[in-house]
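Subject: Structure handover

Hello,

The structure you asked about is below, with the sequence. My notes on it follow.

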Amino acid sequence: MRFLIAVMSIMMFVFAACANGGHATNAVKAESSPVSTAPAVEELPLPSVPSTLTAPEERAAYIVSHFWDAMDFGDTIRSHNQDFMEQNFANYISLFPYTDNAVLATCVSDLLLKAQADEGAYNLLADIADKYLYDPESPMLNEEYYILFLDAITGSDYMDKTRRSKYAYQLEDASKNRQGHKATDFEFVDSKGRRSTLYAAADGHSYRLVIFYDPECEHCEETIEFLKGNQSLKNAVADGKMKVIAVYADGDESVWEGAKGSLPAEWVNSYSPDGAIEGEELYVLRAMPTLYVIAPDNTVALKDLSDRMVVQFIEEALK
């Protein structure tokens, strides 16, 4: 809850200038916030934004660039404090969607350079970035943002080589099937025994929702049940705006046969022959189910989605 309140406060600050003729105070409080019994976590003061910067994107870029100015990473009382670092990291990341990617890359690189004041602080910051941006269960999961940290970490020899190898491996994985890049083609066999591929399923105008799942996975079952019952997805499929391709990536045909009747007839129900998707690491499936939206031109529109995010995409992008 305290993360949400802090994020709301920062957003109020970013947009305040537009609502007040270009002027905003630096002190921002979340009004009528729910009372919390959890001890307050210290937050870094927001930088004072020049009054000449009035556009939200300019203000966000300035705050991101100067967010850590008040932080001395050599002060291990704060830089080794997990709660303090997590709170401020969450506040920091909340600004990323409003900031240009080129600015973000420079900011992240500068942040990690600043954190080199103390090895423990640097390693903790890297761990928190992993937890918030790469953990499949994190509500802030965002591989594109995490790649910014991975590029900076692996591009420097500051971190111990053994530890750095973990991040190099993550960078290799995160770089596969990136958003905005061509999706890797793969073969599948459908419920009628026909062989096809992701690219062959493209028709030039429909998006494809690819659901990598395991028939014996409880969370997969819950996700599929939600999507089966969602009217927005039903309408998108009926209107030809979306195709659904459910793929059992492990390729155990006997397991798939036992569950294939549970999916809607309008979906492509399939498995990966010989488990090639996982065996050849065509896609990195760190959690089940893993959902992708593939654009008509075979680029990755979105990846690592929740079922609710799929519905949001349909309702906002496929009206």
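Threonine 99 touches Ala60, Ala61, Val64 and Leu104, not counting neighbours within four places in sequence. This threonine belongs to the loop that runs between α4 (82-93) and α5 (101-115). Threonine 99 has a relative accessible area of 7%, and it counts as buried because that value is under 20%. A polar atom of the threonine 99 side chain lies 3.0 Å from the backbone oxygen of leucine 95.

Please keep in mind that this is a predicted model. The mean pLDDT of the protein chain is 89, and 88% of the residues reach at least 70. Among the elements of the chain, helix α6 (residues 119-133) has the highest mean pLDDT, 98, and helix α1 (residues 2-19) the lowest, 51. For residues 17-36 the pLDDT is below 50, and this stretch makes 29 contacts in the model beyond near neighbours in sequence.

Next, the enclosed space. Rolling a probe the size of a water molecule over the atoms shows where empty space is left. The structure has one cavity of 30 Å³ or more. The largest cavity holds about 30 Å³ of space. Its lining consists of Tyr134, Glu143, Asp173, Ala174, Lys176, Val284, Tyr292, Lys303 and Asp304. By class, the lining residues of the largest cavity are five charged, four nonpolar and no polar.

Then the backbone. Most residues other than glycine have a negative phi, and most peptide bonds are trans. Three places in this model are worth listing:

- The peptide bond from methionine 288 to proline 289 is cis, with omega near 0°. Proline 289 sits in the loop between α12 (276-279) and β6 (290-294).
- Aspartate 274, a residue other than glycine, has a positive phi, near 60°. It is in the loop between β5 (268-271) and α12. Its relative accessible area is 79%, so aspartate 274 counts as exposed, the cut-off being over 50%.
- Glutamate 281 is not a glycine either, and its phi is positive at about 50°. Glutamate 281 is in the loop between α12 and β6. It counts as partly exposed because its relative accessibility of 45% falls between the cut-offs for buried and exposed.

Regards

Note on methods: Residues numbered from 1 in each chain as written. Predicted model: local features only at pLDDT ≥ 70, side-chain atom pairs only at ≥ 80, totals over all residues. Heavy atoms only, no water. Helix = DSSP H or I, 4+ residues; strand = E, 2+ residues; numbered from the N terminus. Buried < 20%, exposed > 50% of the residue type's maximum accessible area, 1.4 Å probe, protein only. Polar contact = N/O pair within 3.5 Å; in protein donor to acceptor, adjacent residues only side chain to side chain. Contact = heavy atoms within 4.5 Å. pLDDT = per-residue confidence, 0-100. 1 Å grid on protein atoms, 1.4 Å probe; cavity = no way out; pocket = protein on both sides within 12 Å on 5 of 7 lines; lining within 4 Å. Points joined across faces, edges and corners; volume = space filled by probe spheres on them. Nonpolar A, V, L, I, M, F, W, Y, C, P; charged D, E, K, R; others polar.
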